[in-house]
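Colleague: Please take a close look at one pocket of this model and describe its lining. I would also welcome an account of the helix beside it and a word on the other pocket.

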Amino acid sequence: MSLHPALRFSDPRAFAERSIRAHGIALAGGATTDLDTRVLRAWRRSGAAGISPDQELPARVLTREQVSDARGRTPLRHIAADVVASVSDTSAAGRHLVVLTDARGCLLWRSGSPEVLRRADAIAFAEGADWSERGIGTNGISLALETGTLTHATAGEHYVRAHHGWTCTASPVRDAGGRILGVLDVSHPVRFSSSETAALVRCGVRLAETLLASGAGGPGTGAPVTEIRLLGWRPSVIRADGSSVDLTPRRAELLALLASREAWTARSLSEALYGDSDATATVRGEVRRLRQLTGLSIDSQPYALAPDERRCVDYLSVEHPDDLLPHSDIPAIIDLRYGI
């Protein structure tokens with residue numbers, strides 16, 4: 001009989017110790033009743049795929065450019081930032097990491113406190129890493145993809161030993177037709193195991209699927225952006241299908257600033273837009289509304305406009321953008337206008 005499920009949360013240390021001991025026994029060829037047969041089958045597949053229990057890095061890690069391309073291909077691109085932000089805790093005291101993958105198990109978005117991100121970096125739990133079964137062995141994400149349901153992987157249930165300090169809860173995100181588009185995962189150190197994590201993941205998945213069903217991302221999100229017009233008096237976003245979205249002055253200013261750099265922090269955008277570095281909540285709201293209105297792919301933490309969409313911004317292709325948002329008088333836009 002496998003470990004009792006309730007022990008995972010009622011006594012996480014005991015669960016971890018027994019699962020790690022069972023991991024050693026099973027991989028040495030012995031028999032153990034402390035592991036779910038589903039996990040043991042997944043381990044056999046991991047070994048057959050050439051994954052080593054002592055492996056430190058995934059078999060595949062995308063470059064920054066490849067991550068951007070992968071984000072542009074997934075239907076999750078228009079709702080990812082809102083979903084991850086709704087589940088994450090980026091405060092200094094935050095204990096959990098939130099990640100969203102594509103349908104193949106490649107991490108494309110993540111969020112968490114600086115301490116949790118540092119811990120995650122140590123095991124290559126970062127954007128671009130392949131956390132499928134064939135990429136890094138059995139884990140919460142791979143089990144969710146395999147079973148199609150919410151799953152847990154705690155301590156020794158992970159095939160790779162470097163992951164034994166973590167517990168992961170993951171669930172597929174599906175489109176209206178039931179097709180798996182990706183996986184939402186919440187992970188944290190074993191000592192913080194809690195039954196509430198499953199509820200958090202379910203809420204995040206429900207939000208994602210609701211946004212997908214409602215067509216979140218604004219008009220014409222199925223067609224690629226061909227032009228972002230910020231020169232002149234009628235700023236707008238134009239798509240290949242001929243649809244367009246007019247921008248309010250403030251959203252045009254926000255988009256012009258996002259286009260001017262590869263990435264922005266919330267505080268730096270607050271200072272540039274409002275002259276107040278503490279107006280981060282207002283900035284987050286404006287970015288969210290800009291995404292919803294236009295369907296643009298804008299990453300969070302830091303904020304960044306997708307490279308393929310940034311290339312469509314008209315003022316970046318002219319030497320002297322004197323006509324950049326002539327209605328705007330904020331210093332940051334004036335600096336862009338005159339190349340200061």
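Modeller: The lining of the second largest pocket divides into seven nonpolar, five polar and six charged residues. Here Ala, Val, Leu, Ile, Met, Phe, Trp, Tyr, Cys and Pro count as nonpolar, Asp, Glu, Lys and Arg as charged, and the others, including Gly, as polar. This is a predicted model, in which local features need pLDDT of at least 70 and side-chain atom pairs count only at pLDDT 80 or more, while totals for chains, interfaces and linings use all residues. Residues are numbered from 1 along each chain as its sequence is written, and side-chain values use heavy atoms, with hydrogens and water left out.

A pocket is an open set of points on a 1 Å grid over the protein atoms alone, where a 1.4 Å probe fits and protein lies on both sides within 12 Å along at least five of seven lines; lining residues have an atom within 4 Å of a point. Points are joined across faces, edges and corners, and the volume is the space filled by probe spheres set on them.

The volume of the second largest pocket is about 360 Å³. Its lining comprises 18 residues, and A266, R284, S300, Q301 and Y303 are the closest to its centre. Two or more lining residues come from each of α5, α11 (266-274) and α12 (280-294); α12 contributes the most, four residues. Helices (H or I, at least four residues) and strands (E, at least two) are DSSP runs numbered from the N terminus.

Helix α11 merits separate attention. Its buried residues (under 20% relative accessible area, 1.4 Å probe, protein chains only) are A266, L269, S270, A272 and L273. A266 is thus buried and also among the residues closest to the centre of the second largest pocket. The cover over the buried residues of α11 includes α10 (249-260), α12 and α14 (331-338), where contact means heavy atoms within 4.5 Å. Just after α11, G275 adopts a positive phi of about 70 degrees.

As for the other pocket, the largest one has a volume of about 950 Å³. It is lined by 39 residues, with R64, V67, R71, D299 and A304 nearest its centre. Elements giving two or more residues to that lining are α4 (64-73), α5 (80-87), β2 (107-111), β9 (298-299), β10 (304-305) and α13 (307-310). The largest share, seven residues, belongs to α4. By class, this lining holds 17 nonpolar, nine polar and 13 charged residues.

Technical notes:
Buried < 20%, exposed > 50% of the residue type's maximum accessible area, 1.4 Å probe, protein only.
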